[in-house]
Amino acid sequence: MTNGPGAGIPAVSSAILAMSRHLEVRDVLKTIVASARELLDAEYAALGVPDDHGGFAQFVVDGVSEEQWKAIGPLPRQHGILAAMLHHATPERLADVREDPRFGGWPAAHPDMSDFLGLPVADGDEILGALFLANKRCPKPAGSCGFTAEDERLLGILAQHAAIALTNARLYERSRELTIAGERARLAHELHDAVAQKLFSLRLTAQAATALVDRDPGRAKDELHQVAALAAEAADELRAAVVELRPAALDEDGLVATLRSQAQVLDRAHTAEVTFDAHCVRALPSSQEEALLRVAQEALHNALRHSGAERVEVTLARHGQGALLKVADDGCGFDPGAVRTAGRHLGLVSMRDRANGVGGVLTVKSEPGKGTAVEMEVPGG
């Protein structure tokens, strides 16, 4: 790639737009590295995000196959030229990285690299990572660097925007963690209440059995059987609490398994029967799956806390290329218009916002005395 004045700006603009489409940190890192390699026509590109122990929390490469990467072995340490970029925030443009006095060698399976261009990715005074390229694809005399000052300028622009994209991705992930923590705390509180009720019943039943031992052994035996049953139920609740307090497993287990697990937990934690059924559900974009999960949790919370329902049914079914979620209860119901007028939204606003945010549609059907059905349709991807 030959860079005249401004020749690389459209390519930089395309790379910046590509970065802005992602919210997950790992996806942002991959996009930065691939965009940098394509922008400057290099054979290899990498970006390392340092940890606090002299190594890298994440290290993303482009131009190296998965088999090569596995053969290379453990992640590199912060040493040599990488350490200089991280610790001193200095750009590096070298004709041959192997001849630099800071070069410390590389593993046997590591690809051979010569000319080198590296820049720190910084947010103010904080160094977020080190971005570097190697082996520019262009004719170059022996001992000269293929990367030019113009390449360094373009990569500097990309690195500045990469810092913004990476910071935004970190903030997004932190926000999502806080949301998940809030949901877990709320459900943990519900589980705590359920366990407390079981233990209170257990204590009263045990006291009754003690009082009956001498004068009515038969009834005392029945009460002790009830004690055993209540103890087993309390143990189940505690096990459910332990499971629920683990990190949400949406990414690992998928939407169907996560919804089924939460329905089972709530079924044990409440007197109402909570069921879940799924029909031919296909994988959806992660943002849609998360929105469906959050809406299901909010609708379940409303049904179990406010409706007095005896039964709550959660269903998830394929709908065209997307999915249709339904949370229906047989509780007291309400007049949606009156709720809006009174300013008591019961989470309806947040549920609609979540649906709209992923291109979905939320519908709430309810009448006093006739239960409530919350439906959310998403288009898929």
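C332 is partly exposed, with a relative accessible area of 41%, and that comes from a predicted model. C280 counts as exposed, its relative accessible area being 67%. As for disulfides, the structure has zero. Beyond the cysteines, the things to look at here are a five-stranded open sheet and a pocket of about 520 Å³.

**Cysteines**
- Is C280 buried or exposed? C280 is exposed, because its relative accessible area of 67% is over the 50% cut-off.
- C332 lands in the partly exposed class because its 41% sits between the 20% and 50% limits.
- A disulfide is a covalent link between the sulfur atoms of two cysteines. The count of such links in this model is zero.

**The sheet as a whole**
- In what order do the strands of the open sheet run? Reading across, you get β2-β1-β5-β4-β3, and the pairing is antiparallel.
- The edges belong to β2 and β3 (92–94), each of which pairs on one side only.
- From one strand to the next, the twist averages 15°.
- Strands in a sheet are held to each other by backbone hydrogen bonds, in either a parallel or an antiparallel arrangement.

**Around β1**
- β1 is mostly covered, with seven of its nine residues buried.
- On one side, β1 pairs with β2 in the antiparallel sense through six bridges, and L47 faces V60 of β2.
- Five residues sit between the strands in the β1 and β2 hairpin, where G54 has a positive phi near 85°.
- β1 also pairs with β5 (residues 126–136), again antiparallel and over six bridges.
- Two spots to find along that pairing are A46, opposite F132 in β5, and A42, opposite K136 in β5.

**Around β4**
- Why can β4 (residues 116–123) be called largely enclosed by the rest of the structure? Six of its eight residues are buried, so the strand is largely enclosed.
- Eight bridges tie β4 to β5, with the two strands running antiparallel; L117 stands opposite L133 of β5.
- The hairpin of β4 and β5 has two residues between the strands, and G124 there takes a positive phi near 65°.
- β4 also pairs with β3, antiparallel and over three bridges. E92 has G118 in β4 as its bridge partner.

**The largest pocket**
- Empty space shows up when a probe the size of a water molecule is rolled over the atoms.
- The largest pocket holds about 520 Å³ of space.
- Its lining is made up of 27 residues, and those closest to the centre are P76, L82, W106, H110 and F132.
- F132 is worth picking out on screen: this β5 residue stands opposite A46, and F132 is also one of the residues closest to the pocket centre.
- Which elements each supply at least two residues of the lining? Strands β1 (42–50) and β2 (56–62) do, and so do helices α3 (66–72) and α4 (80–88).
- By class, the lining has 20 nonpolar residues, six polar ones and one charged residue.

Technical notes:
Residues are numbered from 1 along each chain as its sequence is written. This is a predicted model: local features need pLDDT of at least 70, side-chain atom pairs count only at pLDDT 80 or more; totals for chains, interfaces and linings use all residues. Side-chain values use heavy atoms; hydrogens and water are left out. On a 1 Å grid over the protein atoms alone, a cavity is a set of points where a 1.4 Å probe fits but cannot get out, and a pocket is an open set with protein on both sides within 12 Å along at least five of seven lines; lining residues have an atom within 4 Å of a point. Grid points are joined across faces, edges and corners, and a volume is the space filled by probe spheres set on the points. Helices (H or I, at least four residues) and strands (E, at least two) are DSSP runs, numbered from the N terminus. Ala, Val, Leu, Ile, Met, Phe, Trp, Tyr, Cys and Pro count as nonpolar, Asp, Glu, Lys and Arg as charged, and the others, Gly among them, as polar. A disulfide is a pair of cysteine sulfur atoms within 2.5 Å. Buried means under 20% relative accessible area, exposed over 50%, partly exposed in between (1.4 Å probe, protein chains only). Two strands pair if DSSP finds at least two bridges between them. Axes are lines fitted to C-alpha atoms, for helices over the stretch in contact, and angles run from 0 to 180 degrees between N-to-C directions.
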